[in-house]
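Reader: I should like a close look at one part of this protein, namely the way its helices pack against one another. Please set that part in its context before turning to the details.

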Amino acid sequence: MKANAQMDQSSEPIVKFDNVVKRFGSFTAVKKADFEIGRGEFLAIMGSSGCGKTTTLRMLAGLEDPTEGAIYLDGEQVNGKATWDRDTPMVWQSLALFPFLTVQENVEFALKMRGIGKEERRQRADKWLDKMQITEFADRNINQLSGGQKQRVALARALVTEPKILLLDEPLSALDAHLKVRMQSVLSNLQKDLGITFVYVTHSMSEAFSMADRVVIMSRGQIEQIGTPEEIYREPHNRFVAEFLGSANIFDGVVEGPAEDGGWRVSYEGGETVLDKSELAEARKGQAVTFIVSAENMQLSLPDSGQPGIAASVAGEEFIGGTAMVFLETATGQELKVQKTHEELSQLDLHAGSRIIVHWAPDSCHVLPGETGARN
Ligand SMILES: Nc1ncnc2c1ncn2[C@@H]1O[C@H](COP(=O)(O)OP(=O)(O)OP(=O)(O)O)[C@@H](O)[C@H]1O
């Protein structure tokens, strides 16, 4: 698949996965991962539980060896290179801080392991304690800190060696919602200030999309799409990504022929729409095509308006801040979702069971290029 790289073209990528496969016995945890990470990039690896995110990160850290393929770090092939010989510190979900050491000693730890003298250790640790705003806790034990403070210690401890790349495995998942959002901006600002590469594993779309320059979406060991949050949101590659994002309506259609004003007439169960040439350049009659219309691009009209579209009935409604997601069901049993402001909805006076017509502008349709028969 095409990776929509947005990397600094002036320099070599800091990481390259070259057709990397990881098998545990007969089980393939990572299938042919083939991508690059740019210098100074914030890359999030996202996917549901068990899709291979952590295994991918662990291979980069040297905690697992690839079964096939090669991993390059800063131009050097690192297969088989021990984790302590790589400059790839990792921040874990559990944080893995040493409970028997003070905050200062935790932060100094990696420097001590490298044989750096006491005075230099102290100076370098002090700099990171200050940067992470935890100087006042330097002499405390780890168990005397809040969740957010521990998080900052873990970051200071990982960054004290000033690595080129930092690996983070769900570092915020144990925090409450408020603190999570605060730590997201701490991480995001830190990464921009330092200009180092962050590789961040998460199952949370909001974390990935709010912080990352590019996102890798994985499913069952396979990379389904790589792109900026905007690209992935606007142009999901295939059905899996569209379903994973959860905000699009997916239609399986068949090309009926050219449309009068250009584009293609496409029928689907319950109606017909036009797909722009920009979405589907070449097509033949009878060709299968899968397209999506995002919930926010769906329009609703009352049945007596005469507006052509799909007839549906209201199944329910869910509040999302200033908007609501309306869940609809068509006569053929297809479930659709439409996102509207509360004001728009109050004008339609909808309640469970109300009949409504769903429609959209042709330019709201996006063809899923990764689905069979829909390649353009
Ligand atoms: N050492 C191992 N031996 C056998 N199977 C393993 C091993 N490590 C991971 N796996 C399997 O590989 C698959 C991918 O695991 P991985 O930890 O990479 O998933 P993940 O996407 O990080 O999931 P989660 O979000 O739950 O942490 C899972 O099915 C897991 O059970």
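Into which domains is the protein divided, and which residues belong to each?

Author: In this predicted model, the protein is divided into domain 1, residues 15-239, domain 2, residues 248-292 + 362-376, and domain 3, residues 299-359. A related range comes from the record: an unreviewed UniProt entry lists residues 15-245 as "domain: ABC transporter". Over residues 15-245, helix accounts for 37% of the chain and strand for 26%. The C-alpha atoms at the two ends of that range are 27 Å apart.

The helix packing may be taken pair by pair. Two packed helices are described by the angle between their axes and the distance between the axes.

The pair H2 and H4 comes to the fore here. Their axes are 7 Å apart and make an angle of about 30 degrees. Because angles under 35 degrees count as roughly parallel, H2 is roughly parallel to H4. H2 passes H4 in a right-handed crossing. On the H2 side the contact is made by Val103, Asn106, Val107, Phe109 and Ala110, and on the H4 side by Val153, Ala156 and Arg157. By class, this contact of H2 with H4 has 6 nonpolar, 1 polar and 1 charged residues.

H2, which spans residues 103-113, also packs against H3, residues 118-131. Here the axes come within 9 Å and cross at roughly 125 degrees, and H2 and H3 are therefore oblique to each other. The crossing of H2 and H3 is again a right-handed one. From H2, the residues Gln104, Val107, Glu108, Leu111 and Lys112 meet Arg121, Arg124, Ala125, Trp128 and Leu129 of H3. The contact of H2 with H3 divides into 5 nonpolar, 1 polar and 4 charged residues. Val107 thus appears in the contact with H3 and also in the contact with H4.

H4, residues 147-159, has a further partner in H5, residues 177-194. The axes of H4 and H5 come within 10 Å and cross at roughly 25 degrees, and the two helices are therefore roughly parallel to each other. This crossing, too, is right-handed. Gly147, Gly148 and Gln151 of H4 make the contact with Leu179, Arg182 and Met183 of H5. Its residues comprise 2 nonpolar, 3 polar and 1 charged.

To complete the context, domain 2 and domain 3 have C-alpha centres that lie 23 Å apart. Their contact takes 4 residues from domain 2 and 7 residues from domain 3. The side of domain 2 that touches domain 3 has no nonpolar residues, and consists of 3 polar and 1 charged.

Definitions and conventions. Residues numbered from 1 in each chain as written. Predicted model: local features only at pLDDT ≥ 70, side-chain atom pairs only at ≥ 80, totals over all residues. UniProt positions renumbered as here; feature names shortened; annotations may be inferred. Helix = DSSP H or I, 4+ residues; strand = E, 2+ residues; numbered from the N terminus. Axes fitted to C-alpha atoms, helices over the stretch in contact; angles between N-to-C directions. Parallel < 35°, antiparallel > 145°, perpendicular 65-115°, else oblique. Left-handed = near helix turned anticlockwise from the far one by under 90°. Contact = placed C-beta atoms within 7 Å. Nonpolar A, V, L, I, M, F, W, Y, C, P; charged D, E, K, R; others polar. Domains from an automatic or database assignment.
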